[in-house]
Amino acid sequence: LTREAITPCPSTGASDPGSIAFFKNSVGDRVLFSIDQSDIDQSGKDILLAQVDWLQANSDYKIIIEGHADERGTREYNLALGARRANSAREFLISRGIESSRIQTVSFGKERPVELCSNENCYSENRRAVSVVSNLNF
């Protein structure tokens, strides 16, 4: 193999502003929520505004916003709460000019925790809406 054949393409790395890796690592792909809340705080708004800028600059991408909850509460309650969180993020993006056809939502409730332990540090990481970027058609 030649060196060119094994050198990764620079446009696919986290340093490329148009890459999914850049979106996740530099723009921010998640908004965290308070207990039993779907309102977006200022920190969340800042992340979503950065997502708006990225999505406007990269119009060939779409996103799926995943809504999540911590382990407390029933499965049904947490699915509904996750849906409210995902929809809050979706509505924020739409209100800032992102076309609704580019955004889907899904709720996982408490089924996909990122942290597994029963204390507030874990709970706070699991109360989230995560924007998953795709360049595939829905």
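Gln-56 is partly exposed, with a relative accessible area of 46%; here buried means under 20% relative accessible area, exposed over 50%, and partly exposed in between, using a 1.4 Å probe and protein chains only. The residue belongs to helix H3. Helices are DSSP runs of H or I with at least four residues, strands are runs of E with at least two, and both are numbered from the N terminus. Leaving aside neighbours within four places in sequence, Gln-56 is in contact with Arg-96 and Ile-98, where contact means heavy atoms within 4.5 Å. The C-alpha atoms of Gln-56 and Gly-97 are separated by 8.3 Å, and these two residues are 41 apart along the chain.

The model is predicted: local features need pLDDT of at least 70 and side-chain atom pairs count only at pLDDT 80 or more, while totals for chains, interfaces and linings use all residues. Residues are numbered from 1 along each chain as its sequence is written, and side-chain values use heavy atoms, with hydrogens and water left out.

**Overall make-up**

The protein chain contains 5 helices and 4 strands. Along the sequence these follow the pattern α-α-β-α-β-α-β-α-β. Of the 138 residues in the protein chain, 37% are buried. Among contacts between residues at least 6 apart in sequence, 72% join residues at least 24 apart.

**Helix packing**

Helix H3 covers residues 42-57 and helix H4 covers residues 75-95; their axes come within 10 Å and cross at roughly 50 degrees. Axes are lines fitted to C-alpha atoms, for helices over the stretch in contact, and angles run from 0 to 180 degrees between N-to-C directions. H3 and H4 are therefore oblique to each other, given that angles under 35 degrees count as roughly parallel, over 145 as roughly antiparallel, 65 to 115 as roughly perpendicular and the rest as oblique. The crossing of H3 with H4 is right-handed. A crossing has this hand if the near helix is turned clockwise from the far one by less than a right angle, and is left-handed if the turn is anticlockwise.

On the H3 side, the contact is made by Lys-45, Leu-48, Leu-49, Gln-51, Val-52 and Leu-55, and on the H4 side by Ala-89, Phe-92 and Leu-93. By class, this contact of H3 with H4 has 7 nonpolar, 1 polar and 1 charged residues. Ala, Val, Leu, Ile, Met, Phe, Trp, Tyr, Cys and Pro count as nonpolar, Asp, Glu, Lys and Arg as charged, and the others, Gly among them, as polar.

H3 also packs with helix H2 (residues 20-28), at an angle of about 145 degrees and with the axes 10 Å apart. The crossing of H2 and H3 is right-handed. Phe-22, Phe-23, Val-27 and Gly-28 of H2 meet Ile-47, Ala-50, Gln-51 and Trp-54 of H3. The contact of H2 with H3 divides into 6 nonpolar, 2 polar and no charged residues.

**Loop residues**

The table lists four residues found in loops.

| Residue | Loop | Relative accessible area |
|---|---|---|
| Gly-13 | between helix H1 (3-6) and H2 | 24%, partly exposed |
| Asp-36 | between strand S1 (30-32) and H3 | 42%, partly exposed |
| Ser-59 | between H3 and strand S2 (62-68) | 58%, exposed |
| Glu-99 | between H4 and strand S3 (103-109) | 43%, partly exposed |

Gly-13 touches Ser-19 and Ala-21, not counting residues up to four places away in sequence. Asp-36 has a phi near 60 degrees, a positive value in a residue other than glycine. Most residues other than glycine have a negative phi.

Two of the loop residues can be placed by C-alpha separations. Ser-59 and Arg-102 are 43 residues apart along the chain, and their C-alpha atoms are separated by 8.9 Å. For Glu-99 and Leu-55, 44 residues apart along the chain, the C-alpha separation is 9.8 Å. Leu-55 is also one of the H3 residues in the contact with H4.

**Disulfide**

Taking a disulfide as a pair of cysteine sulfur atoms within 2.5 Å, the count comes to 1. This disulfide joins Cys-117 to Cys-122, with an S to S distance of 1.7 Å. The link is right-handed, with 85 degrees about the S-S bond. Cys-117 is partly exposed at 26% relative accessible area, whereas Cys-122 is buried at 6%.
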